[in-house]
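Here's a quick tour of one strand and one pocket. Have the model open as you read.

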Amino acid sequence: MNITTISETDDIRLRDYQNIHEKDLVGWQQQFIAEGKVILSALLHSKEFSALFLLIVTERLPELMPLLEQTQPTCPIYCVSQKIMDNIVGFHIHRGISGIGKRKMLPSLQNFLQDLSKEALILVLCGISNHDNMGAIFRNTATFANNGIIVDKTSCDPLYRKSIRVSAGTALKVPYTRGADMSNILETLHNTNFHTYALSPVCVMHSQASKNTQKNRAYFGNRR
């Protein structure tokens, strides 16, 4: 493993980590910030995402060694003091563990659906703009063993730092696709024989009384 201790904030090897603008990272570079041991573990075990480099407070390295030895990351691993980490990132990361990950190519809507089982249950998200809500949806999806999520183009990206943190790393585990227009999503799912459920707090019908079909989709949206 490529583990290096750095003692200067302006070290050229840390240049890519300085002045990070998360919107640019997630938006057009397809990169994201992984913060904390749980999320780092999800990143290093993932086949869909790769770690570009890790930034770890020196005192936290010993507890991470079993994970690093198990996953054998090939990216640079930089060990720094807490002060240097805070100066570089621009805010205090009390966990002392962070890194930059990169998303591989997301599957198209059609390819995503082709990989589902015959008894799949998926969520369709429309207009989910709150990062906490996005993270919570991914976390619950993983808990209840749903098969995946379709995120429409008006929803926020699940890979924002806050979304990943709230999801407890499940945003790096739950299969999903993102970016399609809702009208295209509706038409595609209709043509692939999915049964639709739209969730509402004022609904009088319980899910247990619903029609039993092989493929089901549940819609989550905002209140507007």
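Which residue stands opposite threonine 4 in β4? Tyrosine 78 does. Bear in mind that this is a predicted model, where local features need pLDDT of at least 70, side-chain atom pairs count only at pLDDT 80 or more, and totals for chains, interfaces and linings use all residues. Residues are numbered from 1 along each chain as its sequence is written, and side-chain values use heavy atoms, with hydrogens and water left out.

Strands here are DSSP runs (E, at least two residues; helices are H or I, at least four), numbered from the N terminus. Two strands pair if DSSP finds at least two bridges between them. Here are the partners of β4:

| Partner | Sense | Bridges |
|---|---|---|
| β1 (residues 3-5) | parallel | 3 bridges |
| β3 (residues 49-57) | parallel | 4 bridges |

On the β3 side, leucine 54 has isoleucine 77 as its bridge partner in β4. Getting from β3 to β4, the chain goes through helix α3 (residues 61-71) in a right-handed β-α-β crossover (clockwise from the first strand over the helix to the second, with the strands pointing away from the viewer). Within β4 (residues 77-80), Ile77 and Cys79 point one way, Tyr78 and Val80 the other, and all are buried (under 20% relative accessible area, 1.4 Å probe, protein chains only).

Now the pocket. The second largest one holds about 330 Å³ of space, and 18 residues line it, with Glu48, Pro107, Val174, Pro175 and Tyr176 closest to its centre. A pocket is an open set of points on a 1 Å grid where a 1.4 Å probe fits, with protein on both sides within 12 Å along at least five of seven lines; lining residues have an atom within 4 Å of a point. This pocket lies between domain 1 (3-103) and domain 2 (109-221), because both give residues to its lining.

Technical notes
Grid points are joined across faces, edges and corners, and a volume is the space filled by probe spheres set on the points. Domain bounds come from an automatic or database domain assignment. Buried means under 20% relative accessible area, exposed over 50%, partly exposed in between (1.4 Å probe, protein chains only).
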